[in-house]
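Thank you all for coming; I would like to walk you through one structure this morning, beginning with its sheet and ending with its aromatic rings.

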Amino acid sequence: MTARITDTADVAPDAEIGDGSSVWHLAQVREGAVIGEGCVVGRGAYIGTGVRMGRHCKVQNYALVYEPAELADGVFIGPAAVLTNDTHPRAINPDGSLKSAEDWQPVGVRIGTGAAIGARAVCVAPVTIGAWATVAAGAVVTRDVPPHALVAGVPARQIGWVGHAGQRLQPDGDQLRCPATGRRYEIHDDELREVTE
């Protein structure tokens, strides 16, 4: 199955778009970007130069994924979310000259397998979002997020844990249980581990 790219999308000739992926109206995919199989890049979304996306990712409408971001398999980026890449943003240098690509070093956001970034959330690089974590809509992430953590607010703080289905885990004795799948988890040294017995 080949990729579907709408006529109004702007995809660089050397960008790699995986089989079964869709790039929708007014989206821009820059030079050297790699998009895995079965991904969706929504209307007006931006995928920066050299961004790497795994398989089955969804980047919703008007989200901005700046280079050098790395998205593992199954990552969800909500509408109008932003992954930044400049820790000291300025339009000009101290001498007043226009800042060019040679005047700064981009840093990226890394997102683990299955993680979700809510609508209008901002991830301030360099941060790592752990596998299966959820960043609530409108949150501003300024530090790393552990796997399976649920974070919200400005700045984002952990408010709970989520399972593989994305639902908040519920207390069940000395364990946590996913209401959607029934999977059980335990917390060890501030890390969530699935109970596999």
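Let me begin with a question: in the hairpin of strand 21 and strand 22, which residue takes a positive phi? That residue is G153, with a phi near 100 degrees, and the hairpin has four residues between the strands. Before going on, I should say that this is a predicted model, in which local features need pLDDT of at least 70 and side-chain atom pairs count only at pLDDT 80 or more, while totals for chains, interfaces and linings use all residues. Residues are numbered from 1 along each chain as its sequence is written, and side-chain values use heavy atoms, with hydrogens and water left out.

Strands here are DSSP runs of E with at least two residues, numbered from the N terminus, and two of them pair if DSSP finds at least two bridges between them. Strand 21 and strand 22 run antiparallel and are joined by four bridges, with A152 standing opposite R157 in strand 22. On strand 19, residues 134–135, two bridges lead to strand 21, residues 149–152, in the parallel sense, and T134 has L150 as its bridge partner.

These strands belong to an open, mixed sheet of nine strands in the order 1-4-7-10-13-16-19-21-22. Strand 1 and strand 22 each have a single partner strand, so one side of each is left without a neighbour in the sheet.

Finally, the structure holds one aromatic pair (ring centres within 6.5 Å). Y46 and Y66 lie 5.2 Å apart, centre to centre, with 45 degrees between the planes, which counts as tilted, since under 30 degrees would be stacked and over 60 edge-to-face.

Technical notes: Rings of Phe, Tyr and Trp (its six-membered ring) pair if their centres lie within 6.5 Å; planes under 30 degrees apart count as stacked, over 60 as edge-to-face and the rest as tilted.
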